[in-house]
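Subject: A structure for you to look at

Hello,

Here is the structure I promised to pass on. Please open it beside this email and follow along as you read.

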Amino acid sequence: MEQLQLFLAGLLDSSVGIAIHCFELVGVVIIVAAGVKGLFNYIRKDPAVRLQLAQGMALGLEFKLGSEILRTVIVRELSEVALVAAIIAVRAALTFLIHWEIQIEEKTKAAEEHKEKDPG
């Protein structure tokens, strides 16, 4: 019975580890793709470049936050829990700030569009 528990624990650790790496990879790919797209849009002087870049970064950070949440499944020591909790807090704060910036950019863009339609 103890061997079965050790086997299942090892299987859980390895499958969660794979999932963590997949989430990390997806998050990095999204952030890099958003950065490259943002650079091209900046060169083309697209007025929505900040909004698009912020949305890409927010999505990438959410995937990376998901990987940290998964990491809590396999932590073994209290010091690891504290480290993971700190990382989650920082990434959550970054995600919150980016979403806040997105809302401001969307409101600014909507106000500019309204101003163009109704100049008087």
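Here is a question to begin with: where is the place of Glu 106? Glu 106 sits in helix 3. Keep that residue in view, as we will come back to it.

Before going further, please remember that this is a predicted model. The protein chain has a mean pLDDT of 84, and 91% of its residues reach 70 or more. Confidence is highest in helix 2, residues 49-74, with a mean of 87. It is lowest in helix 3, residues 78-117, where the mean is 83. A general caution for reading any such model: where pLDDT is low, the predicted coordinates should not be read in detail.

**Glu 106 and Leu 51**

Is Glu 106 buried, partly exposed or exposed? Its relative accessibility is 38%, so Glu 106 counts as partly exposed, which is the class between 20% and 50%. Leaving out residues up to four places away in sequence, Glu 106 touches Leu 51 and Gln 55. On the same basis, Leu 51 touches Ile 102, Glu 105, Glu 106 and Lys 109. For a sense of distance, try finding Asp 13: Glu 106 and Asp 13 are 93 residues apart in sequence, and their C-alpha atoms are 42 Å apart in space.

**The core**

Leu 51 also belongs to the largest nonpolar core. This core has six residues in all: Leu 51, Ala 54, Ala 58, Leu 61, Ile 98 and Ile 102. Helix 2 and helix 3 each supply at least two of them, and the largest share, four residues, comes from helix 2.

**The pocket**

Leu 51 and Glu 106 turn up again in the lining of the largest pocket. This pocket holds about 180 Å³ of space. Its lining is made of Pro 47, Ala 48, Val 49, Arg 50, Leu 51, Glu 105, Glu 106, Thr 108, Lys 109, Glu 112, Glu 113 and Glu 116. Which helix gives the most to this lining? That is helix 3, with seven residues, while helix 2 also supplies at least two. Sorted by class, the lining has seven charged, four nonpolar and one polar residue.

**Three more residues to find**

Ile 74 is in helix 2. With a relative accessible area of 24%, Ile 74 is above the 20% limit for buried residues and so counts as partly exposed. Leaving aside neighbours within four places in sequence, Ile 74 is in contact with Asp 13, Val 16 and Ile 20. The C-alpha atoms of Ile 74 and Gln 3 are separated by 19 Å, and these residues are 71 apart along the chain.

Leu 94 lies in helix 3. Leu 94 has a relative accessibility of 39%, so it counts as partly exposed. If you step along the chain from Leu 94 to Val 84, ten residues apart, the C-alpha atoms are separated by 15 Å.

Lys 45 is found in the loop between helix 1 (2-43) and helix 2. Why does Lys 45 count as exposed? Its relative accessible area is 70%, and exposed means over 50%. Lys 45 also has a phi near 60°, a positive value in a residue other than glycine.

I hope you enjoy exploring it!

Best wishes

Note on methods
Residues are numbered from 1 along each chain as its sequence is written. This is a predicted model: local features need pLDDT of at least 70, side-chain atom pairs count only at pLDDT 80 or more; totals for chains, interfaces and linings use all residues. Side-chain values use heavy atoms; hydrogens and water are left out. pLDDT is the predictor's confidence in each residue, from 0 to 100. On a 1 Å grid over the protein atoms alone, a cavity is a set of points where a 1.4 Å probe fits but cannot get out, and a pocket is an open set with protein on both sides within 12 Å along at least five of seven lines; lining residues have an atom within 4 Å of a point. Grid points are joined across faces, edges and corners, and a volume is the space filled by probe spheres set on the points. Ala, Val, Leu, Ile, Met, Phe, Trp, Tyr, Cys and Pro count as nonpolar, Asp, Glu, Lys and Arg as charged, and the others, Gly among them, as polar. A nonpolar core is a set of buried Ala, Val, Leu, Ile, Met, Phe, Trp, Tyr and Cys residues joined through side-chain atoms within 4.5 Å. Buried means under 20% relative accessible area, exposed over 50%, partly exposed in between (1.4 Å probe, protein chains only). Contact means heavy atoms within 4.5 Å.
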